[in-house]
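Please open the structure in a viewer and keep the sequence panel visible beside it. The tour below proposes a series of selections and describes what each one shows.

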Amino acid sequence: MIVENEGEKPEMSISTRSKNILKKSLVALSMIAPFAIAGPALAEPDFAGKDITFWTSHKGADSVLSLQTFSNYISKYLKGNPKITVVSKFGGGGLVNANYFAKINKPDGLNVTMFNFVVTMAWAMGKDGVNYELDQYRMVGAEPQVFMHMAGTSAKVGDSMLDIAKAGPHTYGTRTRNANVMAAEMLFKGAGNPLKVVTGFGKTEDVIQALASGEVQLSYVYGPAWVRNEANYRGMGLKPLAQMGVIGKNGEVARYAPLANIPTVAELYLKTNPNGKKTMEYLAMKTATGLSNIGKGYFIGKDTPDDIVDAWRAAMQKAAADPDFIKEHTKLLGTPLELVPGPEAESILKDGLEVLKDTYFQKGNDGYKMVFGGK
Amino acid sequence: MLETAIILSAAIDGLFQVLAWPAFPFMFMGVLVGMLLGLIPGLGGLVGFALLIPFVVGLDPVVGLALLLGMAAVTTQTDTIPAVLIGVPGTSAAMATALDGYPMAKKGEAGRALCASYFASIFGTIVAAALFIILLPFLRGLIFSFGQPEFFMLVMFGLLLAGSLAGNSLLRGIIMAAVGLLLAMVSSTTSIGEPRYAGDIIYLWEGIPVVPLVLGLFAIPEVIDLARRGSTIAEVAADTKVTGMRQGLTDNIKNWWLVVKASLLGALAGFIPGLGGQVAEWMAYGAAVASDPDPSSFGKGNVRGVIAPEAGTAAQKPGALVPTLAFGIPGNVSMVILLAVFPIMGLVPGPSMLNEQLSVTFSMIWTMVIANILAAILALMLQKWLIRLCFIRASIIVPLILGAMLIGATMENRSFGDVLVFFLAGLFGYLFKHFDWPRVPLIMGMIMGALAERYLFLSINLHGTKWLTDRPLVWVIAAVIFLSIGMPAIMRKRQGQRTKNGSEA
């Protein structure tokens, strides 16, 4: 019952008072809520005015161009739109870049690097010259690196790499020893012929020249590079032989879609060795293929806070999905960029490194010698 | 037929790329910069690269190259202006031109000399471009006949030639080349990635960086000398009226065979790695003197003494592109910088530049031809103003140039180490210049040292010792080395012996 008193506000009933309190609470909540919801957004790292360096061990035209184009779009999705410059530190199959990154990296998100799968395997297997701590870095993304073996003008003619392996000894030219070379050696060993491996070539173009001149018979090239330059390469007398493949959904080595007509080394190996799947050699090849599926791994510095890692991962995914980027990248390089998101890449890396912990793959043992040579 | 069609198609593609937007305006900008640099004695292509490298980062390769090569192609157009008017060559490639150009100016024939030089430059570039097109099918075949042993011999040829021709003393040249080879050892061995002679200094893990070293070694001494000259290049203002332009063109037409001969010699000097504009100009000048009915008229105002070196120097530039692009072996010191810039633009020298990237190669050749034509037209139209620029005060130019060079030197690595290398190299470069120790062999040794090591390593791994005995091309290159370097040295020694015996008798 409301009693009106002169000069005083009328007394409210309990229900009305409750309604008022509720109304005021709702108003207060509606003022606070945006801040509560936006809380994580406020914590997003701001790179405004910062210069970021994206280190790579690649010096090839396509690789650097691809990464620089990608970086321009990553910048678009990092708060503050920092300038990202790609810098190449070539040499040692990627070890120069990796060791350099180990010295300069800081937990500030201003230095990101690309490690190829040689660098990954070198760390896992305890190779000489490794001065970086792969397990301390976080992965923000990766791209697959599928390689393809090819024959030069002086390779003995055959329908496939297996036929060439059966035909007699050959020379394999490469920059450094790695799992691709290991796979080729496995095939030749299975066919009963030696494969002489010659390392020390400077860059892919040097190897292509040596293949075309007949100085070496076999080598490998990046799969998409073959797809893009096939007419020119065939014009020089080069032939595709076998690809390293990708790990399919069934966990086995499968053909990379753009090279669907080219058999994998694993398929050819199993032709000479039907029980080969049980061998450590096959496991090594499969592990290497798995790691090459994140063959261009993008890593951020040691102890980098989660918010910076997440910001980078998100920016990379958005950049890779940006229609303008897809169009530009395809125009420049013939194919869109295939990004493996950071968490997935980290998981693949963890699985691969777990396999390589086996003593078989450690320095001085057979698995190590298969990949990196030595007696 | 197919080969011709491929070459023609790439040539047309390359031409359209250069004439398209935005390559053409960038080339025009490069031409303007090159013309200004050629005018000021002591500056030149290297300073130009330092000024322009920051601008090419992120540009499309054809556009970036149009800017850089547009500049580099024309420094030897306007370097004739101070050479003719005041007897001071704008770059070292105009020294021979000054010998006859300056006497012509004193006789009131400055316009004739300048015009003759502009057109000689145009014709020289065109002849070199035509030679490149004619030789291209052979080059494309040749590049695949070369293996690691042949590349090694080619590198040694370039190195020894640079050592023997670069200065007044063969011994000093070879010593400097050896120093360059030693400096090349500081790096990471490419096969295993272990640093070598670099210790924990990660800045040196990729070797001593080329761009700040070259700029310091070559450009700083010139800038210091420019500053030391004082307020203006000459105390006496030049008479800005020049006449006799048409005569200069007629001279080129009348001496067309000399133009062709000088251009071919210049292009050949460009093809051979390690040589440079100076060798080209003197070879061409020598050919003019040798073929003239009155050799004693040279040095006193003979227009053929202007035409020949200008045609030779201009032809040397497209020629130098050939070993640079095809083999990654720099044709001259400017090509060393260009090779360092290639990765920034996403280009890789090698067979791809004569195959799938042939149109880019042609765009470079076209850039040089068109830039020379543009520069000649601009020089003719703006003669009066260009002459005034010769007398710009050094106190204005030097700080600007030094600052721009520092930026260019640090662009690649963005490291303080580059600043140190730049200034240290500048100090040594100044000492080398003034104590007459040639710098070109040092740089060539550094660049070619890494190449030589790799090619030798691969030659032995691939062929054992048979690379020395079983490969005919190796013997051919060895013979060329002996004939071009060994023979002249032997003959000089015999000549000296005969003179000594004669005087004793």
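The stops begin with the whole complex, continue through each chain, and end with the confidence of the prediction.

**The complex as a whole**

Please bear in mind throughout that this is a predicted model. For the complex, the predictor gives an ipTM of 0.74 and a pTM of 0.75.

**Chain A: overview**

Select chain A and colour it by secondary structure. Its elements come to 15 helices and 13 strands. Of the 375 residues in chain A, 48% are buried. Contacts between residues at least 6 apart in sequence may be considered next: in chain A, 76% of them join residues at least 24 apart.

**Chain A: the six-stranded sheet**

Now display the strands β2, β1, β3, β12, β4 and β13 of chain A. In the order β2-β1-β3-β12-β4-β13, they form an open sheet with mixed pairing. At its edges are β2 (83-88) and β13 (340-341) of chain A, each of which pairs on one side only.

Centre the view on strand β12 (residues 296-300) of chain A. How many of its five residues are buried? Five of the five are, so the strand is largely enclosed by the rest of the structure. Show the side chains next. In a regular strand, side chains alternate between the two faces of the sheet. In β12(A), Lys296(A), Tyr298(A) and Ile300(A) point one way, while Gly297(A) and Phe299(A) point the other way.

Two partners of this strand may then be added to the selection. Strand β3 (residues 111-115) of chain A runs antiparallel to β12(A) and is joined to it by four bridges. Across this pairing, Met114(A) stands opposite Tyr298(A). Strand β4 (residues 138-143) of chain A is also antiparallel to β12(A), with five bridges between them. Here Glu143(A) is the residue opposite Lys296(A).

**Chain A: a kinked helix**

Move to helix α9 (residues 223-235) of chain A. This helix has 13 residues and spans 17 Å from its first C-alpha to its last, close to the expected 18 Å. Where is the kink in α9(A) centred? It is centred on Asn229(A), with an angle of about 80°. Asn229(A) is also buried, as are Gly223(A), Pro224(A), Ala225(A), Trp226(A) and Tyr233(A) in the helix. Continue just past the end of α9(A) to Gly237(A), which takes a positive phi of about 95°.

**The interface between the chains**

Show both chains and select the residues at which they touch. In the model, 33 residues of chain A are in contact with 29 residues of chain B. On the chain A side, α3 (61-77), α4 (95-104), α8 (204-213) and α9 each supply at least two residues. The greatest contribution to this side comes from α8(A), with seven residues. Colouring by residue class shows eleven nonpolar, 15 polar and seven charged residues on the side of chain A that touches chain B.

**Chain B: overview and an enclosed helix**

Select chain B alone. Its secondary structure consists of 22 helices and two strands. Of its 505 residues, 57% count as buried. Among contacts in chain B with a separation of 6 or more, 79% are between residues 24 or more positions apart.

Next, select helix α15 (residues 333-341) of chain B. Eight of its nine residues are buried, so the helix is largely enclosed by the rest of the structure. Among them are Val333(B), Met335(B), Ile337(B) and Leu338(B). To view the surroundings, add α3 (45-56), α4 (61-78), α10 (210-228), α14 (304-327) and α21 (440-463) of chain B, against which the buried residues of α15(B) pack.

**Chain B: a long-range approach**

Select Thr97(B), which lies in helix α6 (residues 95-106) of chain B. Is Thr97(B) buried or exposed? Thr97(B) is buried, because 29 other C-beta atoms lie within 10 Å. Add Gly305(B), 208 residues away along the chain: the two C-alpha atoms are separated by 6.4 Å.

**Chain B: confidence**

Finally, colour chain B by pLDDT. The mean for chain B is 81, and 85% of its residues reach 70 or more. Among the elements of chain B, helix α20 (residues 416-434) has the highest mean, 91, and strand β1 (residues 187-188) the lowest, 68. Over residues 233-237 of chain B the pLDDT is below 50, and this stretch has nine contacts in the model beyond near neighbours in sequence. Where pLDDT is low, the predicted coordinates should not be read in detail.

Terms used
Residues are numbered from 1 along each chain as its sequence is written. Chains are lettered from A and ligands numbered from 1 in the order in which they are written. The expected span of a helix is 1.5 Å times one less than its number of residues. The bend at a residue is the angle between axes fitted to the seven residues ending there and the seven starting there. A residue is buried if 20 or more other C-beta atoms lie within 10 Å of its own, exposed if 12 or fewer, and partly exposed in between; C-beta atoms are placed from the backbone. Two strands pair if DSSP finds at least two bridges between them. Two residues are in contact if their C-beta atoms, placed from the backbone, lie within 7 Å. Ala, Val, Leu, Ile, Met, Phe, Trp, Tyr, Cys and Pro count as nonpolar, Asp, Glu, Lys and Arg as charged, and the others, Gly among them, as polar. pLDDT is the predictor's confidence in each residue, from 0 to 100.
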